[in-house]
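Open the model in a viewer and keep the sequence panel visible. The stops below are given in the order in which to select them.

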Amino acid sequence: MAIQVTKLSAGIGAEIGGVDLTKPISDADFAAIEKAWQDHVILLFRGQKLTHEQHVAFSRRFGELDDHRTIPKFRDPDFHEILPVVNAVIDGRKQPVGRQWHSDLSTTLRPARGSLLRCEVIPPVGGDTMFANMYLAYETLSDKMKELLDGLWGIQDMTVARHSRGRDLSDVRKRNPPVAQPVVRVHPETGRKALFVAEMTTTGIVGMKDEEAQPILEYLFRHSVQPEFTYRHRWQPDDMIAWDNRCAMHLALDDYDINIPRRLYRTTLLGEPLGYIVADEEMAQAA
Ligand SMILES: O=C(O)CCC(=O)C(=O)O
Ligand SMILES: [Fe+2]
């Protein structure tokens, strides 16, 4: 059966029909899926009752997978490529994750290429995930703003996320110093430019004073996630969404009781090396 591609919203996303991910996918079908991924940034596959092996096998078709070795406590003990997405217990307390707009692993020197998230259990109401198209975010800026942003580097810090607040993260910060990532990123496969700043992790702009950078960043955060650029997914069990972190951000909505079960599983596609560790003097300048 031929693959069907149906748009999910005007701004981002398509649903892929006519494919059973429990079975090997032919090269021709996978080429159609990859083309749809490039065109639509996120892909939804419904009704995919996958084992972890099948989830990993399909994810591998897109490229090399992260074994989540930097977060060994959170990965599945038997399938290191599988990251259970549940409310994490951190310091003995349940903590929500991903509840600010972000792009996976943007605070590392290998920001994730993509992620494939499969739903198993979802609350009766709430727990949706939102996605924003960062190509559109860039393309709709004025030419003057594009000129200003092209060539700038954003400071990305993994210790500033809301779920980290109130915790002593000096050790984590020593092991994961802030990195600089291009504010405007060129997608290696499509050649299109995308904004690469995120509310959860971007704290400044290299070479700018904090009081200069903050209003620009706040504007970009607001501009990037306007409804026209987004899609909000109401999960059903056995849905799987593949997103491209190089041109999309996502957000887990904070709208349900943290004690209500919600369980999804993610694989993470390793990205190409990007960015550099920010020197202390660059941090001082930005203060
Ligand atoms: O829980 C979700 O909806 C998404 C969480 C997240 O940010 C992720 O899986 O990368
Ligand atoms: Fe995420």
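The tour goes from the whole chain to the metal site, then to two helices and a loop residue.

**Whole chain**

Keep in mind that this is a predicted model. Display the protein chain as a cartoon and colour it by secondary structure: there are seven helices and 18 strands. The radius of gyration is 19 Å, close to the 19 Å that the globule rule gives for 287 residues, so the chain is as compact as a globular protein of that length. Along the principal axes, the C-alpha atoms fill a box of roughly 55 × 45 × 35 Å.

Switch to a surface next. The protein chain exposes about 13,300 Å², with carbon and sulfur atoms supplying 53% of that area. Buried residues make up 52% of the 287 residues. Of the contacts in the chain with a separation of 6 or more, 80% are between residues 24 or more positions apart.

**The iron ion**

Select ligand 2, the iron ion, and show the side chains that coordinate it. Which protein atoms are the donors? They are NE2 of His-102, OD of Asp-104 and NE2 of His-250, lying 2.1 to 2.2 Å from the ion. Along the chain, the donors follow the spacing H-x1-D-x145-H. His-102 and His-250 link distant parts of the chain, being 148 residues apart. To place them in the cartoon, look for His-102 in the loop between strand S6 (93-95) and strand S7 (114-121), and for His-250 in strand S16 (residues 248-252).

Are the two histidines buried or exposed? His-102 has a relative accessible area of 6%, and is therefore buried under the 20% cut-off. His-250 is buried as well, with a relative accessible area of 6%.

**Helix H6**

From S16, move to helix H6, residues 210-224. Its 15 residues reach 20 Å from the first C-alpha to the last, close to the 21 Å expected at 1.5 Å a residue. Show the side chains of Ala-213, Ile-216, Leu-217, Leu-220, Phe-221, His-223 and Ser-224, which are buried. These residues cover an arc of only 165° around the axis, which puts them on the same side of H6. Turn the helix over to find Glu-211 and Arg-222, exposed on the other side.

What covers the buried residues of H6? The cover includes strand S8 (129-133), helix H3 (134-139), helix H4 (143-149), strand S12 (193-195) and strand S13 (202-205). S16, the strand that holds His-250, is also part of this cover.

**Helix H1**

Select residues 27-40, helix H1. At 1.5 Å a residue its 14 residues should span 20 Å, and the end C-alpha atoms are 20 Å apart, which agrees. The buried residues here are Phe-30, Ile-33, Ala-36, Trp-37 and His-40. They cover an arc of only 120° around the axis, so they sit on the same side of H1. The face turned away from that buried side carries the exposed residues Asp-27 and Ala-28. Step on to Val-41, which follows H1 and has a positive phi, near 75°.

**Lys-73**

The last selection is Lys-73, in the loop between helix H2 (52-60) and strand S4 (83-85). With a relative accessible area of 79%, Lys-73 is exposed. Draw a C-alpha to C-alpha distance from Lys-73 to Leu-83: the two are ten residues apart in sequence and 9.9 Å apart in space.

Terms used
Residues numbered from 1 in each chain as written. Chains lettered and ligands numbered in written order. Predicted model: local features only at pLDDT ≥ 70, side-chain atom pairs only at ≥ 80, totals over all residues. Heavy atoms only, no water. Helix = DSSP H or I, 4+ residues; strand = E, 2+ residues; numbered from the N terminus. Expected span 1.5 Å × (residues − 1). Buried < 20%, exposed > 50% of the residue type's maximum accessible area, 1.4 Å probe, protein only. Arc of directions from axis to C-beta. Rg over C-alpha atoms; globule rule 2.2 N^0.38 Å. Contact = heavy atoms within 4.5 Å. Areas by Shrake-Rupley, 256 points an atom, 1.4 Å probe, with all protein chains shown as cover. Donors = N, O, S within 2.8 Å, 3.2 Å for Na, K, Ca; no water.
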